[in-house]
Number of protein chains: 2
Amino acid sequence: MKWNELSDNWCPVARTLSIVGDRWTLLILRDCFLGLSRFEQFIESSGMTRHILAERLKRLVEAGILERRQYSAGPKRYDYVLTEKGQELAPALMNLRDWGKKHMPVRRATNA
Amino acid sequence: MKWNELSDNWCPVARTLSIVGDRWTLLILRDCFLGLSRFEQFIESSGMTRHILAERLKRLVEAGILERRQYSAGPKRYDYVLTEKGQELAPALMNLRDWGKKHMPVRRATNA
DNA sequence: TGCCTTAGTTCCAAAATGAAACTGATGGAG
DNA sequence: CTCCATCAGTTTCATTTTGGAACTAAGGCA
């Protein structure tokens, strides 16, 4: 079975992961919860490539988790903010954070 | 930056995802919480390939999330059970499940 | 007229995944 | 004893995804 066929799985966990379970996706959402919203901010904060970021943002917008919003009319520029639906992923992120704090101590700090 | 370099990230969410954030991994854990423990059970339940399953199980054992346990002495066979550390991922899984139930309705049911 | 910013795109090599066949140890039916 | 079944993995190879870096587009500003 392919990963992309998970969106209609009987299991709600699988369906959730079918959109937020790809590499980097949850880190974009983490950044959103930290107040970031712009393309370049996500790049710098997460360390992912622009290529992947663009693809993930598109999926998250299509899924109604982020909203693409024009924030500058001069040079037309867009950023991304959490929708209500996106906000509701907060508890899951919190739990992952708490688990990491408890069970995944940092060995060598990285700057990303 | 590469995904595998996340294990020493400053962010606990990133560190957590560095071991449970790969494709299929959280579905294995879901199965464990549902009471499954054997290789063939994971295969049938999740629909992932044996190849990937074997790799993920190895990582989860190394990370101390699952324990490899001999369950048959005749033909020596092993299965996998959650450790205490693994059990503590339950809340995160619950949240992902709840979010999926609320926001990801099933369109066409699949049998996997 | 250039140069800067910022959100993307494109290209290509490297890594991960997916499908299917294969292995190895053992049990049990005949 | 012989052959088939079980079950946890491995191996192989084609396809897909990723990572890195360079490039594009649409203005702004000096």
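## A buried aspartate in chain A

A:Asp31 sits in helix H2 of chain A. Helices (H or I, at least four residues) and strands (E, at least two) are DSSP runs, numbered from the N terminus. The model is predicted: local features need pLDDT of at least 70, side-chain atom pairs count only at pLDDT 80 or more, and totals for chains, interfaces and linings use all residues. Residues are numbered from 1 along each chain as its sequence is written, chains are lettered from A and ligands numbered from 1 in the order in which they are written, and side-chain values use heavy atoms, with hydrogens and water left out.

Is A:Asp31 buried or exposed? A:Asp31 counts as buried because its relative accessibility is 0%. Buried means under 20% relative accessible area, exposed over 50%, partly exposed in between (1.4 Å probe, protein chains only). Leaving aside neighbours within four places in sequence, A:Asp31 is in contact with A:Leu36, A:Phe42, A:Ser45 and A:Ser46. Contact means heavy atoms within 4.5 Å. With A:Ser45 there is a side-chain to side-chain polar contact of 2.8 Å. A polar contact is a pair of N or O atoms within 3.5 Å; within protein, one must be able to donate a hydrogen and the other to accept it, and residues adjacent in sequence count only if both atoms are side-chain atoms.

## Helix H1 of chain A

H1(A) spans residues 12–20 and is mostly covered, with 9 of its 9 residues buried. Among them are A:Val13, A:Leu17 and A:Ile19. The buried residues pack against elements of both chains. In chain A these are helix H2 (25–33) and helix H4 (50–62). In chain B they are helix H2 (25–33) and helix H6 (90–103).

## Trp24 in both chains

A:Trp24 lies in the loop between H1 and H2 of chain A. A:Trp24 has a phi near 80°, a positive value in a residue other than glycine. B:Trp24 lies in the loop between helix H1 (12–20) and H2 of chain B, with a positive phi of about 80°. Most residues other than glycine have a negative phi.

A:Trp24 counts as buried because its relative accessibility is 6%. B:Trp24 counts as buried because its relative accessibility is 7%. The side chain of B:Trp24 also reaches the DNA: one of its N or O atoms is 2.8 Å from a phosphate oxygen of DNA strand C.

## The interface of chains A and B

The contact takes 49 residues from chain A and 51 residues from chain B. About 4,900 Å² is buried between the chains, and carbon and sulfur atoms give 64% of that area. Buried area is the accessible area (1.4 Å probe) that two parts lose on being put together, summed over both.

The two chains share 4 salt bridges. A salt bridge is a side-chain nitrogen of Lys or Arg within 4 Å of a carboxyl oxygen of Asp or Glu. One of them joins B:Lys102 and A:Glu88 (2.9 Å, N to O). There are also 14 residue pairs in polar contact across the interface, both residues at pLDDT 80 or more. On the side of chain A that touches chain B, H1, H2 and helix H6 (90–103) each supply at least two residues. H6(A) gives the most, with 11 residues.

## DNA strand C

Of the 25 residues around DNA strand C, A:Met1, A:Glu40, A:Arg77, A:Tyr80 and B:Arg56 come nearest. A residue is near a strand if one of its heavy atoms lies within 4 Å of it. Of the strand atoms within 4 Å of the protein, 65% belong to sugar or phosphate and the rest to bases. A polar side-chain atom of B:Arg56 lies 2.6 Å from a phosphate oxygen. An N or O atom in the side chain of B:His51 is 3.4 Å from a base nitrogen. H4(B) gives the largest share of this surface, 4 residues.

## DNA strand D

Around DNA strand D there are 25 residues, and B:Met1, B:Glu40, B:Arg68, B:Arg77 and B:Tyr80 come nearest. Sugar and phosphate account for 62% of the strand D atoms that come within 4 Å of the protein. A polar side-chain atom of B:Arg77 lies 2.4 Å from a base oxygen. For A:His51, a side-chain N or O atom is 3.2 Å from a base oxygen. A polar backbone atom of B:Glu40 is 2.8 Å from a phosphate oxygen. The largest share of the surface near DNA strand D, 4 residues, comes from H4(A).
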